[in-house]
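Subject: Handover of a structure for your review

Dear colleague,

Please find below the structure that I am passing on to you. I should be grateful if you would read the notes that come after it alongside the coordinates.

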Amino acid sequence: MRLLSPALCASPGPARRGGVTPGTATAPRHPLRHGQPDIVSPGAEPGTRHSFWKNGSGVVFLCDIPLPLMHRPVFLEEQQNPPSVRFVAPHISRVPPRPRQPKVSSRFSVSAPCCLLLGIQDTTRKIPSGTDSSVKAPIEMWGTNSTEKFYRIPEGKGPHSVGCTDLMTENAVEGSFLRLYYPAYDATDMEEARWIPDKEYYQGLSDFLNMYRVVGERLFHYYVGSVTCPAKSNAAFKPGEKYPLLVFSHGLGAFRTIYSAICIEMASQGFIVAAVEHRDESASATYYCKRRSVSESQEESPPNMEKEWIYYRKLKTGEEERCLRHKQVQQRAQECIKALNLILKINSGEEVTNVLHSDFDWNSLKDSVDTSRIAVMGHSFGGATVIESLSKEIRFRCGIALDVWMLPVGDDIYQNSVQQPLLFINSEKFQWAENILKIKKLISNDTNKKMITIKGSVHQSFPDFTFVSGGIIARFFKLKGEIDPNEAIDISNHASLAFLQKHLSLKKDFDQWDSLVDGIGPNVIPGTNIDTSPAEPE
């Protein structure tokens, strides 16, 4: 039996196809017995069937069906696409039989009284009508004594309040698309930005996780549709000083909003952060705006713009992954450079048209960027994008690669084409020998290139999912490691800030964390925990 881990933003290297990392299949603690062998896997090819397993406590484990967010055991009743989701009650020693149906329904339904609770906790949602009034939300399941717990993306710890806004240029795929995080005036009366802003992102995540779209969309929307990130949408920019610029690149299957904890922390510490949404088909979903055809009687107005969506592209049968990913990382690097040029253009006072028509005053950014202090940062596939961007753009003075996936990086990069300082911050559980050897080859003997590892962390310790998922199920599906997620992100952020202060010549107090860059401190080690010594012949 194989249990799949959610691989949002994960990077499939060899034996990681589809974003699943080796060792993420956690064996259940109870003896399992085989259940009904005719469950249809979400996202599977027509006619593909997978079985599920069930233990004595009524917990159902689905094979080859990555349902990473489930807190309540469920099984998918076989129907035509889409399936219905039913609750399997605890302490039932047998799988409930499938009811006979005179007509197969194609309607998706979630049984409200069962109150399916995802590992991702939306504490602002309402219990649907007809639900037992004794049920509270959110509820931590599977052995915890806590009945109610609040999960939230952490706020920035720096001296600045944080605002965010979206910027898209041009009515074509070649334009730039990014979310800007920035120091802002206090705006207690303004709303926080939505974490996942459009339902199409739920569809893209469903595709990436091999779930039926109609299932994934309904579940994501119901449980995280009102989750926000702690940055005020379109808050007034806080001028008065020149801020360093940080360009951020997301991982495979992610998009511009999924790393808000990192971006908000950097903005609270006095950075302007441009989180790029890549259009190389590596994001779960993204879009560009194009003008609708309108009749003569209709006026030209913002509603006449429509979104053209681009979804994650899976590998084709027989396609070499390295070739595809290398092509994608080239485009990603160019998109980071485009974002840099765009922000510098705004900084110089040039007029920029935002096709998204936000209320943000882009003129307020004029002369607010320190053009001599620019860095690039990214996670996983975004880490590879950092390396490619440094090799192509000298204005990036340094880079930070979080749990980097080295497969997309071209061979030419290792021939001294990255001269800038570079910090690798790795998780303990994701890396493997071949990947580490490539990192070491790039570092060579350059003292300005460092590698550290955060003990007890996993690949998902960097994206926001680690903060909005319940503890037990998050660990089961590797959304959390052994270390507290807040401590892990603090180590990563503090090491990043110390590294940026040194190599951007900042006059801050981030040097208090210099020891972390050398791998000295609680829950951090220098270099790697991976053994890269050659195996001895038998």
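The notes below set out what was found, element by element.

This is a predicted model, in which local features need pLDDT of at least 70 and side-chain atom pairs count only at pLDDT 80 or more, while totals for chains, interfaces and linings use all residues. Residues are numbered from 1 along each chain as its sequence is written, and side-chain values use heavy atoms, with hydrogens and water left out.

Helix α8

Helix α8 covers residues 485-504, 20 residues in total, and its first and last C-alpha atoms lie 28 Å apart, close to the expected 28 Å (1.5 Å times one less than the number of residues). Helices here are DSSP runs of H or I with at least four residues, strands are runs of E with at least two, and both are numbered from the N terminus. Of the 20 residues of α8, 17 are buried (under 20% relative accessible area, with a 1.4 Å probe and protein chains only). At the N-terminal end, Asp484 acts as a cap, with a side-chain oxygen 2.9 Å from the backbone nitrogen of Asn486. Ser505 follows the helix and has a positive phi, near 55 degrees.

Helices α1 and α2

The axes of α1 (residues 199-208) and α2 (residues 213-224) come within 8 Å and cross at roughly 125 degrees; axes are lines fitted to C-alpha atoms over the stretch in contact, and angles run from 0 to 180 degrees between N-to-C directions. α1 is therefore oblique to α2 (neither under 35, nor over 145, nor 65 to 115 degrees). Residues in contact (heavy atoms within 4.5 Å) include Tyr202 and Leu205 of α1 and Phe220 and Val224 of α2.

Two buried strand residues

Thr286 belongs to strand β14 (residues 285-291) and is buried, with a relative accessible area of 1%. Its side chain makes a polar contact of 2.7 Å with the side chain of Glu277 (N or O atoms within 3.5 Å, one able to donate a hydrogen and the other to accept it; residues adjacent in sequence count only if both atoms are side-chain atoms). Beyond four places in sequence, Thr286 touches several residues, among them Phe177, Tyr201 and Trp309.

Leu422 lies in strand β18 (residues 422-427) and is buried, at a relative accessible area of 0%. Among its contacts beyond four places in sequence are Val386, Leu442 and Phe499. The C-alpha atoms of Leu422 and Thr447 are 9.7 Å apart, with these positions 25 residues apart along the chain.

Yours sincerely

Methods
Buried means under 20% relative accessible area, exposed over 50%, partly exposed in between (1.4 Å probe, protein chains only).
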